[in-house]
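Thanks, everyone. Let me take you through one model this morning. Have the sequence and the structure up as I talk.

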Amino acid sequence: MRVTDAGESAQQTPRKIARDRKQQELLEVARRHLGEVGAAGLSLRAIARECGLVSSAIYRYFVSRDALLTVLIIEAYDALGLHVESAEAGVPRSELAARFTAAAHAMREWGQKNPHQYALIFGSPVPGYSAPQDTVASASRVGLVLFAVLRDAYQQGIRPAVTPSLTEAGPSVSQLRQDFGLDVPDTLVLMGVEAWSRLHGAIAFEIFGQFNKMVSAPGKLYSFIIAEELTRFGLGAGSK
């Protein structure tokens with residue numbers, strides 16, 4: 001007698017639960033190995049061995065090392081994005097400078113708490129790995145939060161000063177403006193990209209130890225960078 005589709009689904013549920021649990025176990029071990037050997041040193045065999053699987057069995061969960069890396073990368077981008085989104089969402093919509101500041105500090109906070117995941121997505125490229133299109137949406141989450149503040153400021157009539165060099169370079173981000181659906185000038189998008197990369201640069205310098213014996217209070221430097229960016233956007237303390 002043939003089992004109905006509903007019956008098949010019901011019978012498969014325990015198997016799926018077991019599979020999901022094992023996959024989460026594999027990911028947990030992979031995250032720990034990430035901190036111990038780095039992304040380039042990740043080994044499916046080593047992860048499988050620690051989880052009590054024969055080396056060939058792990059391919060039922062991840063078809064390759066690159067597939068595992070992609071899952072870890074998306075997971076990291078989403079965790080960072082959620083942390084930043086939550087921080088920014090807790091600020092009243094009318095407080096533009098405070099929204100940008102909350103998002104920027106959340107970026108640094110997440111990086112400090114998750115240095116190995118931060119290194120995975122913002123550190124040295126993994127030899128032989130090319131991130132697939134699947135990672136783009138997750139990687140864009142932080143940028144979308146920052147650009148939303150700039151968009152809202154623009155809609156309120158706030159116009160940052162535009163220099164000749166900014167005007168000349170503006171078209172270089174026209175595709176990004178379209179991809180993000182931003183109804184603002186290219187020059188403002190370029191300023192947003194500059195701020196986004198500047199913030200990440202300061203975070204990376206701190207996490208990777210580049211500020212050692214150079215900056216004694218990285219947190220104060222970071223706050224200074226945020227204040228400078230807000231001033232450039234016309235959202236500084238002295239702005240109207």
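Which residues of the largest nonpolar core touch the most other members? F100 and M107 do, in a core of 65 residues. Keep in mind that this is a predicted model.

Now, who contributes to this core? Helices 1, 2, 3, 4, 5, 7, 10 and 11 each give two or more residues. Helix 10, residues 186–207, gives the most, with 10 residues. And where does the core sit? Domain 1 covers 13–63, domain 2 covers 66–233, and both give residues to this core, so the core lies between them.

Next, helix 5. That helix runs from 115 to 122. Which of its residues are buried? Q117, Y118, L120 and I121. They span an arc of only 155° around the axis, which places them on the same side of helix 5. The general rule is worth recalling here. An α-helix has 3.6 residues a turn, so residues three or four places apart point the same way.

On to cavities. How many of 30 Å³ or more turn up in a search of the whole structure? The search finds 1. The largest cavity holds about 40 Å³ of space. Its lining is made by L150, A153, Y154, I158, P160, L188, F233 and L235. By class, that lining is 8 nonpolar, no polar and no charged. Which helix gives the most to the lining? Helix 7, residues 141–155, with 3 residues.

Stay on helix 7 for a moment. L146 is in that helix too. Is L146 buried or exposed? Its relative accessible area is 4%, and the cut-off for buried is under 20%, so L146 is buried. Now look across to A40. L146 and A40 are 106 residues apart along the chain. Their C-alpha atoms are separated by 31 Å.

Compare that with A46, which lies in helix 2. Here the relative accessibility is 22%. Buried needs under 20% and exposed needs over 50%, so A46 counts as partly exposed. How far is A46 from G209 in space? The answer is 29 Å, C-alpha to C-alpha, with their positions 163 residues apart in sequence.

To recap. The largest nonpolar core lies between domain 1 and domain 2, and helix 10 gives the most to that core. The lining of the largest cavity has 8 nonpolar residues, and helix 7 gives the most to that lining. Helix 5 has its buried residues on the same side. That's it from me. Over to you.

Note on methods: Residues numbered from 1 in each chain as written. Predicted model: local features only at pLDDT ≥ 70, side-chain atom pairs only at ≥ 80, totals over all residues. Heavy atoms only, no water. Buried < 20%, exposed > 50% of the residue type's maximum accessible area, 1.4 Å probe, protein only. Helix = DSSP H or I, 4+ residues; strand = E, 2+ residues; numbered from the N terminus. Arc of directions from axis to C-beta. 1 Å grid on protein atoms, 1.4 Å probe; cavity = no way out; pocket = protein on both sides within 12 Å on 5 of 7 lines; lining within 4 Å. Points joined across faces, edges and corners; volume = space filled by probe spheres on them. Nonpolar A, V, L, I, M, F, W, Y, C, P; charged D, E, K, R; others polar. Core = buried A, V, L, I, M, F, W, Y, C linked by side-chain atoms within 4.5 Å. Domains from an automatic or database assignment.
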